[in-house]
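Let's take a walk through this model together. Have the sequence and the 3D view open side by side.

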Amino acid sequence: MSRPRLSSVKNDASREHERIAPLLAWYVNGTLAPREAEQVAAHLSWCETCRDDVDAQDALMRAMRESPSVELAPQAGLAATMERIERREARRRLWSWPLRLLQAGGTARPLVFAVGIQAVVIVMLTTVLWVKLAPPPAAPGGETFRTLSTPAAAASTDAIRLRLLLGDDMTLGALREALAPWHSRIVAGPEGRGIYTVAIDGDAETALAALRATPGVNLAERVDGP
Amino acid sequence: LIPVGGMSGRAGGNPEGVLEAVNERLLLERIVDGDRDAFRTLYLAYHKRLSRFLLRFLRRHDLIEEVINDTLYAVWCKAGEFRGESQLSTWIFGIAYRKALKAVRKDSREPRLEADGVDVAVPVPSQDPGERQRELRESLDRALASLPAVQRTVIELAYFVGHSCEEIAAITTTPVNTIKTRMFHARERLRELLPEWRGGDER
């Protein structure tokens, strides 16, 4: 059995020392992992240099911890930080209600939440439709413009409506007289320049023929006719 | 309220005002729920530790106070984001470290964190015990002040705060081997400046 050479033993010890020495600070403050701490303890059993270093570092650590440092009073800083926290929390409360609504709807009462959202959507759609379908506002001055093809207001459900364009010399009395055989009445007009809508009871073609033959009636046509 | 000052079970013990890790986690859970009392307890427990840590490289008290308050306010705001992958103190000191770096950059009049330390003369020891104690403390402060800030930070976090090498690496976002190297150089410098704490000579 051969004995290890002295230089080899020295080299091993040196390598071990170099590996352990950087760990001593954390051996002293007690934060080494158990396995590393065991290795350091084993090394210290024969390495006087490291034992001295551990003692020195321990003394230094204690001195640092016992050394009176500048004491900053914490109360003012604590009060300022608490105020800052309260301001932050106030802001968070202000903006958190939509989030809470969503959370409540999504978890605690999903059906109620869904119905609520649906109702809101329905109201919004109804409003949009109402705005789109509503008649346009009257022209300035309340005047409504009509063309000859615009349907006239109905006098009754059974009446036949005729639209007449009268000449300038045609009077209202003469018009009433011309309409008399058909129990007719003026239901709208004059619109524009001498346009009247009349409702008649009876045969429309006969009435139209008679009216067209009446002096002062430039045009006679059925509004809702065939 | 959770009492302050419990021991963590570490061989090196804990500095004054340190909460046990389990109590810290309970406090944080209450803070997540908006518990103001829990926050006050945590604030008071960390104020001294952070002020001591920050004093080494911020120096100006108003800046230290500002960084402490910003750090603990951030703890209130982000308490729910802490996942427990590290010690709570590692997380809080990491926030403080980053805010201190910003404060240093913002205030160009302050010494840069990466700046080298200044040379310090070793004083002649006094024979009076009281005077001797005072001298030792002063020489310790001078020696620490003379270290480059990155080395000083490692020394402070290891000896004073009691963090592990891995925690210091996490706080400073630096590789573990770099932390070991910084500690090695810091120790070399302190041996030179503090013969009282020299220990054995290196082989």
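Start at G162(B), which comes right after α6(B) and adopts a positive phi of about 90°. Keep in mind as you look around that you're dealing with a predicted model.

Now step back into the helix itself. α6 of chain B covers residues 149–161 and is mostly covered: 13 of its 13 residues are buried. Here, a residue counts as buried when its relative accessible area is under 20%, with protein chains only taken into account.

Next, zoom out to where the two chains meet. On one side, 54 residues of chain B make contact, and they do so with 42 residues of chain A. Together the chains bury about 4,300 Å² between them, and carbon and sulfur atoms give 62% of that area.

There's charge pairing here too: the rule picks out four salt bridges across the interface of chain B and chain A. For one to click on, try R36(B) and E86(A), whose closest N and O atoms sit 2.8 Å apart in a salt bridge. As for polar contacts between chain B and chain A, the count comes to 15 residue pairs, with both residues at pLDDT 80 or more.

So which helices of chain B supply the side that touches chain A? At least two residues each come from α2 (36–58), α3 (61–78), α5 (129–146), α6, α7 (165–172) and α8 (176–193). α2(B) gives the most, with ten residues on that side. Sorted by class, the side of chain B that touches chain A has 25 nonpolar, twelve polar and 17 charged residues.

Conventions:
Residues numbered from 1 in each chain as written. Chains lettered and ligands numbered in written order. Predicted model: local features only at pLDDT ≥ 70, side-chain atom pairs only at ≥ 80, totals over all residues. Heavy atoms only, no water. Buried < 20%, exposed > 50% of the residue type's maximum accessible area, 1.4 Å probe, protein only. Helix = DSSP H or I, 4+ residues; strand = E, 2+ residues; numbered from the N terminus. Contact = heavy atoms within 4.5 Å. Buried area = accessible area lost by both parts, 1.4 Å probe. Salt bridge = Lys/Arg side-chain N within 4 Å of Asp/Glu carboxyl O. Polar contact = N/O pair within 3.5 Å; in protein donor to acceptor, adjacent residues only side chain to side chain. Nonpolar A, V, L, I, M, F, W, Y, C, P; charged D, E, K, R; others polar.
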